[in-house]
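User: I am new to this structure and would be grateful for a close look at a single part of it. Please keep to one connected account.

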Amino acid sequence: MVKPLAALLFAPALLAGGLQGPVKVVDKHGERPTLKDAIAILEPLTHRADAQKRPMLRIRTTGKRFVPRVAWTTPGSPVSFPNQDHILHNVFSVTPGEAFDTGHYEPGDAPRWTAAKPGLVKLYCNVHRKMNAFLWIVDTPWADVLDGQKGLDFKNVPPGRYKLRLWHPEVGEKDFEVSIGEGVTMGNWTLQANLPDFEPHKNKFGKDYPPAKDEGNY
Ligand SMILES: [Cu+2]
């Protein structure tokens with residue numbers, strides 16, 4: 001029986017679907033043992049599902065790294081950058097529409113920022129050339145960083161058509177269209193990692209980073 005579209009539009013809360021299945025990241029050495037830094041975002045194509053405001057997302061600087069390196073939140077939700085090192089950091093983004101600059105900040109400080117619009121924000125540190133992080137701003141309730149998991153497991157997803165976006169720093173974005181029915185819809189996805197682990201970038205002034213005295217400490 002064909003369901004009238006109106007039923008899908010107005011009754012999604014009554015029907016609980018789901019999307020599950022393994023995700024693999026493969027490179028020239030074969031399948032990677034972990035999905036570290038992979039993220040999955042599920043966006044409805046056939047109905048609206050508004051993203052909720054999220055609690056404070058903390059992206060720590062520790063050991064001259066951002067932790068987590070890949071994260072997500074929603075437009076208007078707060079983000080902070082606690083400095084847990086014993087040195088100064090300076091987080092910035094030059095992503096169009098999401099540019100910001102914390103300036104230098106001390107150990108123990110945690111400057112705050114709020115994302116405006118959906119998209120990928122690339123975060124760097126103006127002091128440390130090799131620090132990078134990726135923050136997805138998503139306008140959907142369904143997003144998940146896949147670290148420590150074998151694959152997707154989205155629950156409480158109303159039936160309908162969705163765009164599934166899978167992303168990893170060394171893969172880029174791969175989009176899939178999926179139809180989710182009542183009950184759990186299964187799938188499996190393979191991502192090819194063939195981009196460099198570290199994308200070269202300029203500092204916040206658009207210049208090359210000066211040679212760092214402590215480059216050997218990474
Ligand atoms: Cu830094």
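In what order do the four strands of the open sheet stand, and is the pairing parallel or antiparallel?

Analyst: The model is a predicted one. The order in this open sheet of four strands is E14-E3-E16-E17, and the pairing is antiparallel. Strand E14 (142-145) and strand E17 (172-180) are the edge strands, each of them paired on one side only. From one strand to the next, the twist averages 15°.

Some context for the whole chain may help before the details. The protein has 218 residues, of which buried residues make up 26%. Its secondary structure comes to one helix and 19 strands. Of the contacts between residues at least 6 apart in sequence, 65% join residues at least 24 apart.

Within the sheet, strand E3 (residues 39-44) and strand E16 (residues 160-168) run antiparallel and are joined by six bridges. Two pairs illustrate this pairing. Isoleucine 39 of E3 stands opposite tryptophan 167 in E16. Glutamate 43 has lysine 163 in E16 as its bridge partner.

On the other side of the pairing order, E16 is joined to E17 by nine bridges, and these two strands also run antiparallel. One of the pairs here links arginine 161 with serine 179 in E17. The connection between E16 and E17 is a hairpin that passes through three residues.

The edge strand E14 leads to the interior of the protein. Alanine 143 lies within the bounds of E14 (142-145). Residues up to four places away in sequence aside, alanine 143 touches Ile39, Ala40, Ile41, Trp72, Trp136 and Val138. Ile39, Ala40 and Ile41 fall within E3 (residues 39-44), the neighbour of E14 in the sheet order. Trp72, by contrast, falls within strand E7 (70-73), and Trp136 within strand E13 (residues 132-137).

These contacts point to the largest nonpolar core, which has 39 residues. The members that touch the most other members are Ile39, Ala40, Leu42, Leu135, Trp136 and Ala143. Two or more residues of this core come from each of E1, E3, strand E7 (70-73), strand E12 (119-125), E13, E14, E15 and E16. The core lies between domain 1 (17-49 + 141-192) and domain 2 (57-137), because both domains give residues to it. In soluble globular proteins, nonpolar side chains tend to be buried together.

Leucine 135 shows how the other domain takes part. This residue lies in strand E13 (residues 132-137), and its position is within the bounds of domain 2 (57-137). Leucine 135 counts as buried because 25 other C-beta atoms lie within 10 Å, where 20 or more are required. Apart from neighbours within four places in sequence, leucine 135 is in contact with Ala71, Trp72, Thr73, Val79, Val121 and Leu123. In sequence, leucine 135 and leucine 123 are twelve residues apart, while in space their C-alpha atoms are 7.4 Å apart. Trp72 thus appears both among the contacts of leucine 135 and among those of alanine 143.

The strand that holds leucine 135 belongs to a second open sheet, with five strands in the order E7-E13-E12-E9-E10 and mixed pairing. E7 and strand E10 (100-101) stand at the edges with a single partner strand each, so one side of each is left without a neighbour in the sheet. E7 and E13 are paired in the parallel sense over four bridges, and alanine 71 stands opposite leucine 135 in E13.

Two further elements that give residues to the core, E1 and E15, are paired with one another. Strand E15 (residues 151-157) runs antiparallel to E1 and is joined to it by five bridges. Leucine 19 has phenylalanine 154 in E15 as a bridge partner, and it has threonine 185 in E18 as another. Strand E1 (residues 17-27) and strand E18 (residues 183-186) run parallel, with four bridges between them. E1 also pairs in the parallel sense with strand E19 (residues 189-192), again over four bridges, and lysine 24 stands opposite threonine 190 there. Finally, E1 and E2 form a hairpin with two residues between them, in which aspartate 27 has glycine 30 as its bridge partner.

Technical notes. Residues are numbered from 1 along each chain as its sequence is written. This is a predicted model: local features need pLDDT of at least 70, side-chain atom pairs count only at pLDDT 80 or more; totals for chains, interfaces and linings use all residues. Two strands pair if DSSP finds at least two bridges between them. Axes are lines fitted to C-alpha atoms, for helices over the stretch in contact, and angles run from 0 to 180 degrees between N-to-C directions. A residue is buried if 20 or more other C-beta atoms lie within 10 Å of its own, exposed if 12 or fewer, and partly exposed in between; C-beta atoms are placed from the backbone. Two residues are in contact if their C-beta atoms, placed from the backbone, lie within 7 Å. A nonpolar core is a set of buried Ala, Val, Leu, Ile, Met, Phe, Trp, Tyr and Cys residues joined through C-beta atoms within 7 Å. Domain bounds come from an automatic or database domain assignment.
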